[in-house]
Amino acid sequence: MLIKKARDFVNLLHDIRARLEFVQTAIGRVEARQLGGVGGDALADAEFKVFSQWGEDGIIQRLVRAVPIAKPVFVEFGVQDYTEANTRFLLVNNHWSGLVMDGDAQHIAAIRRSPLYWRHNLKAECAFIDRDNINGLIRSAGIEGDIGLLSVDIDGNDYWVWQAIDCVQPRILILEYNALFGPDAAISVPYDAAFVRSQAHYSNLFWGASLGALTRLSKQKGYA
């Protein structure tokens, strides 16, 4: 009896989560339809959140209207279990396809168990990403060349991994920066293939790169 009640409770939680995701997506679609024209307005005016951490979902929707996208394919890594991500609304709302990666096998297993995985053209791979394996990982998923969007968020070697990526040329690029390093100076943690944020410094604040460093590198690679 206790086992049955436990299973019923788990099924109820799954049902509640599915209904919540349905409502989130529906609200996001309303927000997306209400976006203004692609020019003139500040990107901040387009912000709304469906599955992203902050307002990235709205900004991305504005950008995909303004930027010519020849191949609606994304790559995002550092996604945990994909509950919160920059590309999930693109997947369910815009019907893009793509690859997500995370270093935790349990997170990837959760993504693969999700209805999202079989309903959409999504690949999920478990990998601890470094600058030496990133191109091979992307190519092994059958992704190469011109793609729509790349999102990098690994709280560590972000600068060095982005520097190494040459197998894809995303039209839209999303990079997380460490605001504690300031906006101007080009600063990054030294490259360490085994970098783990929680082990790098007791403060948990030593990770990634500054906005200035990522901007400089991106301009070198042809981005505005």
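Colleague: In what pattern do helices and strands follow one another along the sequence of the protein?

Modeller: Start with how they are assigned: helices (H or I, at least four residues) and strands (E, at least two) are DSSP runs, numbered from the N terminus. Here the pattern reads α-α-β-α-β-α-α-β-α-β-α-β-α-α, which comes to nine helices and five strands. Keep in mind that this is a predicted model, where local features need pLDDT of at least 70, side-chain atom pairs count only at pLDDT 80 or more, and totals for chains, interfaces and linings use all residues. Residues are numbered from 1 along each chain as its sequence is written, and side-chain values use heavy atoms, with hydrogens and water left out.

Colleague: Okay, on to the strands. In which order do the five strands form the sheet?

Modeller: General idea up front: two strands pair if DSSP finds at least two bridges between them. In this protein the five strands make an open sheet, ordered β3-β2-β1-β4-β5, with parallel pairing. At the edges you find β3 (122–126) and β5, each with a single partner strand, so one side of each has no neighbour in the sheet.

Colleague: And by how many degrees are neighbouring strands turned against each other on average?

Modeller: For angles, axes are lines fitted to C-alpha atoms, for helices over the stretch in contact, and angles run from 0 to 180 degrees between N-to-C directions. In this sheet the average turn between neighbouring strands is 20°, direction ignored.

Colleague: Can we zoom in on some pairs? How many bridges join β4 to β5?

Modeller: Seven bridges hold strand β4 (residues 145–152) and strand β5 (residues 168–175) together, and they run parallel. Getting from β4 to β5, the chain passes through helix α7 (residues 158–164), and this β-α-β crossover is right-handed. That word means that, with the strands pointing away from the viewer, the path from the first strand over the helix to the second runs clockwise. For a single pair to look at, V152 has L175 in β5 as its bridge partner. Elsewhere, β1 and β2 pair in the parallel sense over five bridges, and F74 has G98 in β2 as its bridge partner.

Colleague: Now the inside. Which residues have the most contacts inside the largest nonpolar core?

Modeller: In soluble globular proteins, nonpolar side chains tend to be buried together. Buried means under 20% relative accessible area, exposed over 50%, partly exposed in between (1.4 Å probe, protein chains only). A nonpolar core is a set of buried Ala, Val, Leu, Ile, Met, Phe, Trp, Tyr and Cys residues joined through side-chain atoms within 4.5 Å. The largest one here has 27 residues, and V75, F77, M101, I134, I138, I143 and I165 have the most contacts inside it. Two or more residues each come from β1 (73–77), β2 (97–102), α6 (134–140), β4, α7, β5 and α9 (211–220). There is also a second, separate core of 23 residues, which includes I60, F74, V79 and I108.

Colleague: What is I165 in contact with, leaving aside its neighbours within four places in sequence?

Modeller: Contact means heavy atoms within 4.5 Å. I165 touches F77, I134, N135, L150 and K221.

Colleague: Which residues of α9 are buried?

Modeller: An α-helix has 3.6 residues a turn, so residues three or four places apart point the same way. In α9 the buried residues are G212, A213, L214, L217 and S218, and what covers them includes α7 and β5. Just after α9, G222 takes a positive phi of about 95°.

Colleague: Where do I find Y82, which has a positive phi although it is not a glycine?

Modeller: Look in the loop between β1 and α3 (88–93). The phi of Y82 is about 70°, and Y82 counts as buried because its relative accessibility is 1%. N204, also not a glycine, has a positive phi of about 65°. You'll find N204 in the loop between α8 (197–200) and α9, and N204 is partly exposed at 31%.

Colleague: Last one: how many disulfides does the structure hold?

Modeller: A disulfide is a pair of cysteine sulfur atoms within 2.5 Å. This structure holds zero. As for cysteines, C126 is partly exposed at 39% relative accessibility, while C167 is buried at 3%.
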